[in-house]
Amino acid sequence: MAPPVSGGVEVHGQRLLAADTHLMLDVIRAVAFESGLAVHLALTATGAPAEGARRQTRPLTDPDDWSAEWSYLTVWAAAENTDAEADPYLPRPDVHACDAGLSVYRTEPRYWLGTPPIVRSVTLTAGWPQIGLPATTAILALEPTDQPSIGNRSR
């Protein structure tokens with residue numbers, strides 16, 4: 001389920017959730033609506049984790065590929081009486097690139113959390129152990145930022 005196309009208020013800006021030599025996970029923003037919360041994340045990987053992400057997200061259409069494993073960033077969210085694994089409603093296209101011989105992978109999934117109209121915080125747990133990102137937990141305090149009311153803007 002996706003958020004409404006207009007009427008949201010940004011309640012959390014960018015925040016680093018996890019960082020390692022070759023991995024970085026950020027909250028880009030959280031936008032509150034009457035019916036829930038849209039959370040936008042960004043994962044950037046380089047080197048071996050980027051290669052692992054590329055392999056873990058490849059199409060599984062080759063019948064000769066016996067190592068048909070697939071995985072993605074796992075996100076759990078808890079707010080008020082909501083506690084569930086979050087599915088991305090807009091898994092923006094992943095970017096695979098090579099910069100000066102260094103492999104780069106970036107994904108910016110967006111998650112919709114059906115919550116009560118007023119939520120003061122959300123607890124996110126995110127990880128992708130298959131590429132070396134252990135589960136990390138953060139509590140986001142939600143307050144209107146100095147941004148004006150916005151819809152489902154894209155980055």
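Contact is taken here to mean heavy atoms within 4.5 Å. In the predicted model, and leaving aside neighbours within four places in sequence, Leu73 is in contact with Leu25, Leu41, Pro109, Tyr111, Ala126, Gly127, Trp128 and Leu133.

Leu73 also belongs to the largest nonpolar core, which comprises 33 residues and in which Leu41, Leu73, Val122, Leu124 and Trp128 touch the most other members. Two or more residues are given to this core by each of β2 (15-20), β3 (23-33), β4 (36-46), α1 (47-56), β5, β9 (110-113), β10 and β11, and the greatest contribution, 5 residues, is that of β4. Another core, of 5 residues, lies apart from it and has Phe33, Ala38, Tyr89 and Trp112 among its members.

Strands β5, β10 and β11, named above as contributors to the largest core, are also found in an open sheet of 4 strands, where the order is β6-β5-β10-β11 and the pairing is antiparallel. At the edges of this sheet stand β6 (82-86) and β11 (133-141), each of which pairs on one side only. Direction ignored, neighbouring strands of the sheet are turned against each other by 15 degrees on average. Within the sheet, the antiparallel pairing of β5 (residues 74-79) with β10 (residues 121-128) extends over 5 bridges, and Val75 has Ala126 of β10 as its bridge partner. Ala126 is, in addition, one of the residues in contact with Leu73.

Aromatic side chains were examined next. A search of the whole structure returns 3 aromatic pairs. One of them is formed by Tyr105 and Trp128 in an edge-to-face arrangement, with 5.9 Å from centre to centre and 70 degrees between the planes. Because Tyr105 lies in strand β8 (residues 102-107) and Trp128 in strand β10, this pair ties together parts that are 23 residues apart in sequence. Tyr105 has a relative accessible area of 0% and is therefore buried; Trp128, at 0% relative accessibility, likewise counts as buried. Together with Tyr72, the residues Tyr105 and Trp128 form one aromatic cluster. Trp128 thus recurs in several of the arrangements described, being a member of this cluster, one of the residues that touch the most other members of the largest core, and a contact of Leu73.

As to the confidence of the prediction, the mean pLDDT of the protein chain is 82, with 79% of its residues reaching 70 or more. Over residues 148-155, by contrast, the pLDDT is below 50, although this stretch has 28 contacts in the model beyond near neighbours in sequence.

Notes. Residues are numbered from 1 along each chain as its sequence is written. This is a predicted model: local features need pLDDT of at least 70, side-chain atom pairs count only at pLDDT 80 or more; totals for chains, interfaces and linings use all residues. Side-chain values use heavy atoms; hydrogens and water are left out. Two strands pair if DSSP finds at least two bridges between them. Axes are lines fitted to C-alpha atoms, for helices over the stretch in contact, and angles run from 0 to 180 degrees between N-to-C directions. Rings of Phe, Tyr and Trp (its six-membered ring) pair if their centres lie within 6.5 Å; planes under 30 degrees apart count as stacked, over 60 as edge-to-face and the rest as tilted. Buried means under 20% relative accessible area, exposed over 50%, partly exposed in between (1.4 Å probe, protein chains only). pLDDT is the predictor's confidence in each residue, from 0 to 100. A nonpolar core is a set of buried Ala, Val, Leu, Ile, Met, Phe, Trp, Tyr and Cys residues joined through side-chain atoms within 4.5 Å.
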